[in-house]
Amino acid sequence: MIRVLLVDDHAVVRAGYRRLIDAEPDMRVAADVGSGEEACDLVRTTPLDVAVVDLSLRVGSGLEAIPRLLERVPALKVLVFSMHDTVSYVSRALAAGASGYLTKDAQPEVMIDAVRRVALGHRVVELRLERALSRRSRDGIGTDRLDELSDREFEILAAFTQGE
């Protein structure tokens with residue numbers, strides 16, 4: 001049984017994910033929380049296999065939470081499920097320790113399959129994002145100006161561009 005933690009600041013989104021995941025015979029939602037801080041507190045007491053984490057949270061950030069979760073439970077697998085679809089977000093999430101990255105445009109069955117694959121130790125990145133990462137690496141681009149920002153600077157810039 002794959003035990004899943006949902007980390008998203010929208011309760012209705014968590015409820016939808018819960019119904020989707022709990023309908024599967026080999027997985028269940030062990031807990032759901034609205035912030036990275038709550039997730040970090042919870043992983044100490046709740047056995048989990050996969051955390052499905054949104055990057056944009058009202059309190060804290062998924063990017064900040066990923067390494068903290070993995071510090072507390074190194075065997076935990078993290079699947080990012082986010083509205084952000086740029087290479088900068090993907091590369092930062094993977095560098096923080098995420099095992100996978102999907103956008104919220106993904107079909108429900110893709111998300112379910114990704115949870116299973118991540119739980120087995122595979123890296124899962126949405127195909128178009130994986131291609132963009134490969135292209136960036138292959139073409140020798142390596143970094144862009146956003147990669148020069150610290151994680152906190154990147155988050156502030158992202159919040160600013162979203163009007164927050």
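Strand β4 is mostly covered in this predicted model, with five of its six residues buried. The strand, which spans residues 77-82, is a convenient point from which to describe the rest of the fold.

The sheet to which β4 belongs is open and has six strands in the order β2-β1-β3-β4-β5-β6, with parallel pairing. Because β2 (27-33) and β6 (124-125) stand at the edges and each has a single partner strand, one side of each is left without a neighbour in the sheet. Helix α4 (residues 87-96) packs on the sheet, where it touches β4, β5 (100-103) and β6, and its direction makes about 150° with that of β5.

The strand pairs for which bridges are described here are collected below.

| Strand pair | Sense | Bridges | Residue pair |
|---|---|---|---|
| β1 and β3 | parallel | four bridges | V7 and V53 |
| β3 and β4 | parallel | four bridges | V50 and K77 |
| β4 and β5 | parallel | four bridges | V80 and Y101 |

The connections on either side of β4 can also be described by their handedness: β3, α3 and β4 make a right-handed β-α-β unit, and the chain then crosses from β4 through α4 to β5 in a β-α-β crossover that is right-handed.

Which residues have the most contacts inside the largest nonpolar core? That core has 32 residues, and the residues in question are L5, I66, V80 and Y101. The elements that give two or more residues to it are β1, β2, α2 (36-42), β3, α3 (62-72), β4, α4 and α6 (127-138), and α4 gives the most, with six residues. Leaving aside neighbours within four places in sequence, Y101 is in contact with a set of residues that includes L79, V80 and S82, together with Y89, V90 and A93, and also V124, V125 and L129. A second, separate core of 19 residues includes I21, V29, F81 and A114.

A charged side chain deserves separate attention. D8 lies in the loop between β1 and α1 (11-22), and its relative accessible area is 1%, so D8 is counted as buried, the cut-off being under 20%. The side chains of D8 and K104 are joined by a polar contact of 2.9 Å. When residues up to four places away in sequence are not counted, D8 touches V13, R14, Y17, V33, G34, D54, L57 and K104.

Note on methods:
Residues numbered from 1 in each chain as written. Predicted model: local features only at pLDDT ≥ 70, side-chain atom pairs only at ≥ 80, totals over all residues. Heavy atoms only, no water. Pairing = 2+ DSSP bridges. Contact = heavy atoms within 4.5 Å. Axes fitted to C-alpha atoms, helices over the stretch in contact; angles between N-to-C directions. Core = buried A, V, L, I, M, F, W, Y, C linked by side-chain atoms within 4.5 Å. Buried < 20%, exposed > 50% of the residue type's maximum accessible area, 1.4 Å probe, protein only. Polar contact = N/O pair within 3.5 Å; in protein donor to acceptor, adjacent residues only side chain to side chain. Right-handed = clockwise from strand over helix to strand, strands pointing away.
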